[in-house]
Amino acid sequence: MTNASAYVLGGPDIKTYYFDGAPDGTVCPGCGSCLDRSYSPATLDLKEARRYDFGNTQDLQPLFSKPFVDMINDLSGQRLAANAIQGSRGYFHLVVTETVEFDAQRRKTKFGPPCDVCGRVKWIAGATPAFLICNQIPPNGIFRTDLEFGGQNGRAPLLILGKELKEKIESRRFPGIYFDDAYCAGDKYKADKVH
Ligand SMILES: [Zn+2]
């Protein structure tokens, strides 16, 4: 028996690289971690992105359309930091700043060795279904996990939504958007047998 009370926002692969052509020092050459969060590409191939209101680049950076950002801001009451990408015609790279702690122990998340260059772990694997340490996610809230999953080819936190916000987004039938379950501390997940 399971009763997830929060959700992970998922979207299509928009077939472009956010960090391609980024100057040295933007991404760690040893492990792919982003070292400069203020980076935004001057140009980005958005052929595929224009088909969607939300998606992820191949190096796992979330891109949101302006209407999608506006909708989330209206529904959640949070102000999301959306940096316009130069030449992106209305597409935005979204930075969700409010953080929720991921329960790596319950999820049995695995961590790689430390990176020789920057000292961060080389990879983190085991993101979904997501387990969170908090007792609940506000129904209209949107958060990022403290952990960034992935490795050399891209890493990103999970974007966590409250139940009402998820249902409102779902009702608008955006193409390509899907949801995974996220379990708060008190939510039941089968017998917690995660492999
Ligand atoms: Zn590194």
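Which residue stands opposite Leu-63 in strand 3?

1. Gly-55 does. The model is predicted. Gly-55 belongs to strand 2 (residues 54-56), which pairs with strand 3 in the antiparallel sense. Three bridges hold that pairing.

2. The hairpin of strand 2 and strand 3 has five residues between the strands. Leu-60 is the residue to inspect here: its phi is positive, near 70°.

3. Strand 3 (residues 62-65) is buried at each of its positions. Pro-62 and Phe-64 point one way. Leu-63 and Ser-65 point the other way. In a regular strand, side chains alternate between the two faces of the sheet.

4. Strand 3 also pairs with strand 5 (residues 91-95). The two run antiparallel, joined by three bridges. Leu-63 has His-93 as its bridge partner in strand 5. Leu-63 thus links to this strand as well as standing opposite Gly-55.

5. Now the six-stranded sheet. The sheet is open, with strand order 6-10-13-1-14-9 and mixed pairing. Strand 6 (99-100) and strand 9 (130-131) are the edges, each pairing on one side only.

6. Within that order, strand 10 (residues 142-145) pairs with strand 13 (residues 159-162). The sense is antiparallel, over three bridges. Phe-143 stands opposite Ile-160 of strand 13.

7. Helix 3 (residues 163-171) deserves a look alongside this sheet. Helix 3 lies across strand 1 (6-10), strand 10, strand 13 and strand 14 (178-183). Its direction is at about 95° to strand 13.

Key: Residues are numbered from 1 along each chain as its sequence is written. This is a predicted model: local features need pLDDT of at least 70, side-chain atom pairs count only at pLDDT 80 or more; totals for chains, interfaces and linings use all residues. Two strands pair if DSSP finds at least two bridges between them. Helices (H or I, at least four residues) and strands (E, at least two) are DSSP runs, numbered from the N terminus. Two residues are in contact if their C-beta atoms, placed from the backbone, lie within 7 Å. Axes are lines fitted to C-alpha atoms, for helices over the stretch in contact, and angles run from 0 to 180 degrees between N-to-C directions. A residue is buried if 20 or more other C-beta atoms lie within 10 Å of its own, exposed if 12 or fewer, and partly exposed in between; C-beta atoms are placed from the backbone.
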